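Work through the exercises below with the sequence and the model open. Each task is followed by a solution in steps.

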Amino acid sequence: MILNTHAIIFMGLALLMVIAALLAVTTRNIMRATVYLLFVLFGTAGLYFILHYTFLGAVQVTVYAGGIIVLFVFAALLIGKGARDLTHTSILRYTAGFTAAATGLALTTYLIFTHQFPDVKPLTSVVPINLIGHTLMGSDKYNYVLPFEAVSVLLLACMIGALLIARKR
Amino acid sequence: MIPAEYYLVLAALMFFIGVFGFFTRRNLLAVLISTELILNAIDINFAVFNAYYYPEHLEGFFFTMFAIGIAAAETAVAIAIILNVYRNMGTIRLKNLKKLKF
């Protein structure tokens, strides 16, 4: 019974994500594209919740849906009329894009279904938050304090860089 | 239980929808949205491989988390650049942006 509800939720999320992603890359209005992207990001957070990675789902919602979408909305509003994607794509470019995407998708799907993956040992419970904290802050093997510090320096650098690039002179 | 292949196919669909958008959009912000789709699809793959095949480790989990953080940084810088391009050239249509090409 529980497995069935999982499958139904997964199918619903997958449908939502694919439709929203298609609309996000085809709609002419940049604001609408941003909102469709938001739906895709929420769907991804839902997938993380189904996978028992609740912390990852929370990070996805706060960073992506909360931060990046707000950035896109501000950019679209600041740019205003210039942000509208009114020019029509040439049919040649359209065909090229479609062919590249369809070929890649066919190849990837074929590989996914023919490749011999190792045995599945799925997670049965939520990853405990104190394990995540200790792994993130530990300095032993398979611990992540160095990338954590590197990312914090990167975020500082990117904040200063963004301010420097975007400020009015 | 949902087979891992379903997740992988979903991620592949999202990735190639992003690639399609990357080819066909004519606007810097729209191209950036397509890039976000591509990055998001990759994040799903990392999480699925970790959860289904190596649940005793957390490598994919942390890779996804750092990828989300770096994607946020990348988007912030990209949007700053786009705003600057708009301020200097008055447009963000790819067709009109030729100065950086050579």
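Helices here are DSSP runs of H or I with at least four residues, strands are runs of E with at least two, and both are numbered from the N terminus. The model is predicted. It scores ipTM 0.91 and pTM 0.90.

**Exercise 1. Describe the secondary structure of chain A and of chain B.**

Step 1. Count the elements of chain A: there are 6 helices and 0 strands. Their order from the N terminus is α-α-α-α-α-α.

Step 2. Do the count for chain B, which has 3 helices and 0 strands. Along the sequence the pattern reads α-α-α.

Step 3. Check the confidence for chain B. Its mean pLDDT is 88, with 97% of residues at 70 or more. Among the elements of chain B, helix α1 (residues 4-24) has the highest mean pLDDT (93), and helix α3 (residues 59-89) has the lowest (90).

**Exercise 2. Compare each chain with a compact globule of its length.**

Step 1. Take chain A. For 169 residues a compact globule would have a radius of gyration near 15 Å, whereas chain A has 20 Å. The C-alpha trace of chain A spans about 50 × 45 × 30 Å along its principal axes.

Step 2. Take chain B. For 102 residues the globule value is near 13 Å, but chain B has 17 Å. Its C-alpha atoms fill a box of roughly 50 × 25 × 20 Å along the principal axes.

Step 3. Look at burial. In chain A, 22% of the 169 residues count as buried; in chain B, 52% of the 102 residues do.

Step 4. Look at the contacts with a separation of 6 or more. Residues 24 or more positions apart make up 51% of these in chain A and 47% in chain B.

Step 5. Add the domain assignment of chain A, which gives domain 1 (2-125) and domain 2 (128-169). The C-alpha centres of these two domains of chain A are 25 Å apart.

**Exercise 3. Which elements of chain A supply at least two residues of the side that touches chain B?**

Step 1. Start with the number of residues: the contact takes 72 from chain A and 62 from chain B.

Step 2. Assign the chain A side to elements. Helices α1 (2-26), α2 (30-50), α3 (54-79), α4 (91-114) and α6 (145-166) of chain A each supply at least two residues.

Step 3. Sort that side by class: 54 residues are nonpolar, 15 are polar and 3 are charged.

**Exercise 4. Locate the largest nonpolar core and examine two of the residues around which it can be read.**

Step 1. Find the members with the most contacts to other members. The core has 68 residues, and those that touch the most others are Ala21(A), Ala24(A), Val40(A), Ala11(B), Met14(B), Leu29(B) and Ala47(B).

Step 2. Assign the core to elements. α1, α2 and α3 of chain A, together with α1, α2 (28-53) and α3 of chain B, each supply at least two of its residues.

Step 3. List partners of Met14(B). Leaving out residues up to four places away in sequence, Met14(B) touches Met17(A), Ala21(A), Leu37(B), Asn40(B) and Ala41(B).

Step 4. Turn to Ile33(B), in helix α2 of chain B. Beyond its neighbours within four places in sequence, Ile33(B) is in contact with Ala24(A), Ala33(A), Thr34(A) and Leu37(A).

**Exercise 5. Is each of Ile33(B), Val70(A), His52(A) and Tyr142(A) buried, partly exposed or exposed?**

Step 1. Set the cut-offs: 20 or more other C-beta atoms within 10 Å means buried, 12 or fewer means exposed, and values in between mean partly exposed.

Step 2. Ile33(B) is buried because 26 other C-beta atoms lie within 10 Å.

Step 3. Val70(A), in helix α3 of chain A, has 11 such atoms within 10 Å and is therefore exposed. Val70(A) and Thr34(A) are 36 residues apart in sequence and 9.3 Å apart in space, C-alpha to C-alpha.

Step 4. His52(A) lies in the loop between α2 and α3 of chain A. With 16 other C-beta atoms within 10 Å, His52(A) is partly exposed. Its phi is near 70°, a positive value in a residue other than glycine.

Step 5. Tyr142(A) is in the loop between α5 (129-137) and α6 of chain A. Tyr142(A) is exposed, since 10 other C-beta atoms lie within 10 Å. Phi of Tyr142(A) is near 60°, also positive in a residue other than glycine.

Technical notes
Residues are numbered from 1 along each chain as its sequence is written. Chains are lettered from A and ligands numbered from 1 in the order in which they are written. This is a predicted model: local features need pLDDT of at least 70, side-chain atom pairs count only at pLDDT 80 or more; totals for chains, interfaces and linings use all residues. Two residues are in contact if their C-beta atoms, placed from the backbone, lie within 7 Å. Ala, Val, Leu, Ile, Met, Phe, Trp, Tyr, Cys and Pro count as nonpolar, Asp, Glu, Lys and Arg as charged, and the others, Gly among them, as polar. pLDDT is the predictor's confidence in each residue, from 0 to 100. Domain bounds come from an automatic or database domain assignment. The radius of gyration is taken over C-alpha atoms; the globule rule is 2.2 Å times the number of residues to the power 0.38. A nonpolar core is a set of buried Ala, Val, Leu, Ile, Met, Phe, Trp, Tyr and Cys residues joined through C-beta atoms within 7 Å.
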